[in-house]
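Work through the following exercises with the model open beside you, and compare each step of your reasoning with the solution.

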Amino acid sequence: MTKPLLLSVEELGPTEEMQPETHTIKWTESIMARWENIFIAATAVDLPHAVPVSEAVADGSYPSKLAARTEQRTVTIAPKDEPPGAFAARAAKAALAESGYGFDDVGLFVHTSVLDPSPRMSNPAMWLEREIGAGGFRDVAQLSNGCDGVVNGIRWAAAHLTCNVEHRAALITAAESWQPKEVIDRWTVDPDTPFGDGGAALVMSRERGIARLLAAVSYTQPNLEGVHRGPRVFGQGVSLPVNLSQRSRAFYETSDLSRDEAWKMRGNGIGVVIERVLADAGVERERVARIVLPFRGRQVLEEEYFPYLGNLEPARSSEDRGREIGHLGGADPIAAFHFAIKAGELSTGDLAIVFSEGVGIVQSAVLVEVV
């Protein structure tokens, strides 16, 4: 019996060892991109104060059985009066300074978020452009691709840099602030992982950088999108607070898919994405030094990711730093790669896969060579 996709707090219990299995439901085609002379020029992360999990358990915010399951130590929590865009803006300025580029060099600016707190009919990306620098002739976009938005931004930026000779760089930011509690409860919205606040930024260039982009793929599984949407359809508004466990239960009550089937589909997708990005780049699996994973709870990584990695070595910082921060949503891929570099887990000549996953379900992988 495998652990179902998106358990509720009440359903948590002992789990047995899980083995990946092949599922016969047809996957949608992957979106492939292969690049030459496109670089990650710099990364930066901006985080608020980390709060000990023991305090959340003591005041009843975080159930003790979830704390034991995830082994989370601390979670970064933003002040209530600080917008998530502030973390993105500071990270963007730091990444630009590290890269040696100015905002005027940026021809494409992409911001991505999961929980958009801005007023309706406004543009958070334009707010950020004003905070970071000045306007001008550049493409600016706000992406809402969930936790997978950054990888979509990377692919878009690579294409833009390949075609646009006027500008030398592209900028991608992501930020989240999982509050107020009436909208989303960071501690229990996903029983497997507490959510952390903060932002990250990544500068891309066709001239130089810390890593060369070799290939990028995304794999979509729309048969599973209802796991995160629940029974409501588009146009019916939002049910608050966001509760992913309730949504998944409602999905399985009416879906032709069982939880075990959905679980196998999602797990197998990890292996499919890894194999495709390696094949697209013409790289043997044995050459990859590390795979950089999202910031998720210990048991999520061990049950939902590790069984599908084959002999790929996960970056230790993905788990260690994740237990200090929590899930940063769309900022996870940038932050996880940033900390893997800073921790010395990746050095010149190393190949690394950065994996991300978003609601939908979309699973993506980026293959880079550290230079």
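**Exercise 1.** Find how the residues of the lining of the largest cavity divide into nonpolar, polar and charged.

Solution. Begin with the residues themselves: the largest cavity is lined by I40, V150, V151, I154, L202, P333, I334, F337, V354 and V366. Here a cavity is a set of points, on a 1 Å grid over the protein atoms alone, where a 1.4 Å probe fits but cannot get out, and lining residues have an atom within 4 Å of a point. Next, sort them by the rule that Ala, Val, Leu, Ile, Met, Phe, Trp, Tyr, Cys and Pro count as nonpolar, Asp, Glu, Lys and Arg as charged, and the others, Gly among them, as polar. The lining then divides into ten nonpolar, no polar and no charged residues. The elements that give two or more residues to this lining are α5 (149–163) and α11 (332–342). The volume of the largest cavity, taken as the space filled by probe spheres set on the points, is about 70 Å³.

This is a predicted model, in which local features need pLDDT of at least 70 and side-chain atom pairs count only at pLDDT 80 or more, while totals for chains, interfaces and linings use all residues. Residues are numbered from 1 along each chain as its sequence is written, and side-chain values use heavy atoms, with hydrogens and water left out.

**Exercise 2.** Describe how α10 and α11 pack, starting from the angle and ending with the contact.

Solution. Helix α10 (residues 316–325) packs with α11 at an angle of about 120 degrees, and their axes are 9 Å apart. Angles under 35 degrees count as roughly parallel, over 145 as roughly antiparallel, 65 to 115 as roughly perpendicular and the rest as oblique, so α10 and α11 are oblique to each other. The contact (heavy atoms within 4.5 Å) is made by S317, S318, R321 and I325 of α10 together with A336, F339 and A340 of α11. These residues divide into four nonpolar, two polar and one charged.

**Exercise 3.** Which peptide bond is cis, and what is the sign of phi at E71?

Solution. Start from the general expectation that most residues other than glycine have a negative phi and most peptide bonds are trans. The bond from Q179 to P180 is cis, with omega near 5 degrees, and P180 is found in the loop between β7 (169–176) and β8 (198–205). E71 has a positive phi, near 60 degrees, and lies in the loop between α2 (64–70) and β4 (74–76).

Notes:
1 Å grid on protein atoms, 1.4 Å probe; cavity = no way out; pocket = protein on both sides within 12 Å on 5 of 7 lines; lining within 4 Å. Helix = DSSP H or I, 4+ residues; strand = E, 2+ residues; numbered from the N terminus. Axes fitted to C-alpha atoms, helices over the stretch in contact; angles between N-to-C directions.
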